Amino acid sequence: MPSEGRCWETLQALRSSDKGRLCYHRDWLLRGEDVLEECRSVPKLSSYSGWVVDHVLPHMQENQPSSETSESSRSTSDLEQPSCVPKSPVRTPAFSPVSSATPDGAEDKHESQHAEPMALQSSRGIKVEGCIRMYELVHRMRGREGLRQWQEEQERKVRALSEMASEQLKRFDERKELKHHKEFQDLREVMEKSSREALGHQEKLKAEHRHRAKILNLKLREAEQQRLKQVEQERLRKEEGQVRLRGLYGLQEEVLHLNQQLDASEQHKDVLKVDLSAFRTRGNQLCGLVSGIIRATSENGFPTAEDQAVAERALQEMRDLLTSLQQEIARASEDKRRQDLEAQVKRQDSHMQQGPEVHRETPAPSQGPGGKQNEDLQVKVQDSTMRWYHQLQDVSSQCVLAFEELTNSKDSQAKKVKMDLQKAATIPVSQISTIAGSKLKEIFDKIHNLLSGKPVQSGGRSVSVTLNPQGLDFVQYKLAEKFVKQGEEEVASHHEAAFPIAVVASGIWELHPRVGDLILAHLHRKCPYSVPFYPPFKEGMALEDYQRTLGYQVKDSKVEQQDNFLKRMSGMIRLYAAIIQLRWPYGGRQQIHPHGLNHGWRWLAQILNMEPLSDVTATLLFDFLEVCGNALMKQYQVQFWKMILLIKEDYFPRIEAITSSGQMGSFIRLKQFLEKCLQRKEIPVPKGFLTSSFWRS
């Protein structure tokens, strides 16, 4: 409305007037009506005038405009008259600090706006103004006090809030720390729980380990007990085996003893006119059976109960065989007693006719083992052969006695001479092989010169048998021993080496007959089958000694294996078969061979007149015929082929009857060799035989 606008303009004009610029306090009525009365009274300076002049007027002059300033100056000049407005010499000290302590610019401005009317007022007005100013001052002071108190209250509240916040922070820290403690405690409990679980698991593992260790200990204890049990069983088995072995030895001894009794019954053959060959053949087979069991036992360990049972059955059969033989002899004796004198005369005539044939030393080829004589074979060798065998052994024993002093001498010089002589005799023989004939002649000449007393070079020194009176006997013995050992070792491994060794031995034998006798003595002692001779078992003889007489090597009560034994026997028979057919080509042709083919024929005839031995006879026959068969064929021709037929038709069944299935190799080899020779009607020249080209090389 328009009236509303004029009203506001009126109010604004009143506010701009002098009265509108006056400040009033609402509590002025509290002071009473004296204030108005003072306004009606005569103006006079109050005690506050000095303060007003000092504090209010200067501010008013600064804030008024220039026109007003001039008017104010005139008014002031009137007031400053000494008569009209005297300065109050007294200033209230209480107002000075208040005015000085009131730097409020707004209030000073407000005071300046009203200064001019106050200056025109009377002293009572000034007093009133002063009171008003005092009131305002007091009010401001109260406000300041209230503000101060409010500030203090606020500060107190702030401090309280700060303290409360601090306490809350402490509580928060405490709760946080408590939470950390709880988490740590929970973690520790979890760790302790896991630790307890780990310890429990560890204890469980320890318990399982102890349990397993206990089980293992039990198993180990059981294994140890089992091992001890096995050791004890092995010990008992060995003891039982040794008992069985001793029992087998006893059984073999008894079987051999009974076989000797069977052999002793041979004397009744011609007297009683009974055929006892079946008894002797079966007795030899039983002896071979028991010997085979013992040889197999020596190779495989200890005999089994089955072996012992077989040996006991063989012994019982031998006993029964002896009993049957005795009964047969008793029946024959009864028949003999019933015969008349004429039968006795005929029997004596027959015995006289057979006498020269028995004592014949070397049967002629025409009288070989091809007639009735071969029906009844024997085990013992002819007496003449045994005398020859013992003569050769006596020669060897006398030779050993001849150089016994040199062998047992403690003198260093004698020992040196003995060693030099032994090397000079044995090293050349060791050098004999399938070398050229010229090298072989050098070796022969070196050996011949040593035996002839000439000095020879050996080991860089000159050696002669004349260095010691017994040197010749020592060299002859060691030389013969070395020749036989070469056959036992070198020829056994390399069959072709038999011929160069044999030709040197034959030439030395021809020039030095005693060396030949010593060669035969060594050969017969190491290989009794070269006689031929089957050594009998004598009462009281140890089994090891008996095995040595058979040619086996016994070391630490262990007999060598059969294969090695046969290999050595084969080597020596091959050397013997080569010696009897070879002569030294540079010797005198007018002399005969010192030990020629007639001895080979004798050996073959005698071996066929004896009961065969399992595995041994077949091996020796094959080696002898392979080396010497061609020479015997050329020498004896038809008679030789008759003997070969005899071996095939009559001797093969005897060998086969005593040969076990595991020993058929040598028999089959001999059988195939002779069948091939009969088919071709020729014995082939042995491999490695020395030809004329050998001596020209």
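# Questions on a predicted, mostly helical-element chain

Q: How far apart are the end C-alpha atoms of residues 206-241?
A: In this predicted model, residues 206-241 are 100% helix and 0% strand. The unreviewed UniProt entry annotates this stretch as "coiled-coil region". The C-alpha atoms at its two ends are separated by 49 Å.

Q: How many helices and how many strands are in the chain?
A: The chain has 697 residues, of which 38% count as buried. Among its contacts between residues at least 6 apart in sequence, 78% join residues at least 24 apart. The secondary structure of the chain comprises 27 helices and four strands.

Q: Are helices H14 and H20 roughly parallel or roughly perpendicular?
A: Two packed helices are described by the angle between their axes and the distance between the axes. For H14 (residues 383-402) and H20 (residues 513-526), the axes come within 9 Å and cross at roughly 110°. Angles of 65 to 115 degrees fall in one class, so H14 and H20 are roughly perpendicular.

Q: How many nonpolar, polar and charged residues make the contact of H14 with H20?
A: H14 contributes Trp388, Tyr389, Leu392, Gln393, Val395, Ser396 and Cys399. From H20 come Arg514, Asp517, Leu518, Leu520, Ala521, His524 and Arg525. By class, the contact of H14 with H20 has eight nonpolar, three polar and three charged residues.

Q: With which side chain does the side chain of histidine 512 make a polar contact?
A: Histidine 512 sits in the loop between helix H19 (498-511) and H20. Its relative accessibility is 14%, so histidine 512 counts as buried. Leaving aside neighbours within four places in sequence, histidine 512 is in contact with His448, Leu451 and Ser452. The polar contact, at 3.0 Å, is with the side chain of histidine 448.

Q: Which side chain is joined to that of histidine 595 by a polar contact?
A: Histidine 595 is in the loop between helix H22 (562-579) and H23, and at 2% relative accessibility histidine 595 counts as buried. Not counting residues up to four places away in sequence, histidine 595 touches Trp388, Trp509, Leu520, Tyr576, Ile579 and Ile580. Trp388 and Leu520 also belong to the contact between H14 and H20. The polar contact of histidine 595 spans 2.8 Å, and its partner is the side chain of tyrosine 576.

Q: Which side chain makes a polar contact with the side chain of glutamine 606?
A: Glutamine 606 lies in helix H23. With 4% relative accessibility, glutamine 606 counts as buried. Its C-alpha atom is 8.3 Å from that of glutamine 382, although these two are 224 residues apart along the chain. The polar contact of the glutamine 606 side chain, at 2.8 Å, is with the side chain of threonine 385.

Q: What separates the C-alpha atoms of leucine 646 and leucine 608?
A: Leucine 646 is in helix H25 (residues 638-658). The cut-off for buried is under 20% relative accessible area, and leucine 646, at 15%, therefore counts as buried. Leucine 646 and leucine 608 are 38 residues apart along the chain, and the separation of their C-alpha atoms is 9.0 Å.

Q: Is the peptide bond from valine 531 to proline 532 cis or trans?
A: Proline 532 is in the loop between H20 and helix H21 (543-549). Most peptide bonds are trans. With omega near 0°, the bond from valine 531 to proline 532 is cis.

Q: What is the phi of aspartate 615?
A: Most residues other than glycine have a negative phi. Aspartate 615 is in the loop between helix H23 (597-608) and helix H24 (616-636), and its relative accessible area of 10% makes aspartate 615 buried. Its phi is positive, near 75°.

Q: Is lysine 681 buried or exposed?
A: Lysine 681 lies in the loop between helix H26 (664-680) and helix H27 (692-696). Its phi is near 60°, a positive value in a residue other than glycine. The cut-off for exposed is over 50% relative accessible area. At 67% relative accessibility, lysine 681 therefore counts as exposed.

How values were computed:
Residues numbered from 1 in each chain as written. Predicted model: local features only at pLDDT ≥ 70, side-chain atom pairs only at ≥ 80, totals over all residues. Heavy atoms only, no water. Axes fitted to C-alpha atoms, helices over the stretch in contact; angles between N-to-C directions. Parallel < 35°, antiparallel > 145°, perpendicular 65-115°, else oblique. Contact = heavy atoms within 4.5 Å. Nonpolar A, V, L, I, M, F, W, Y, C, P; charged D, E, K, R; others polar. Buried < 20%, exposed > 50% of the residue type's maximum accessible area, 1.4 Å probe, protein only. Polar contact = N/O pair within 3.5 Å; in protein donor to acceptor, adjacent residues only side chain to side chain. UniProt positions renumbered as here; feature names shortened; annotations may be inferred.
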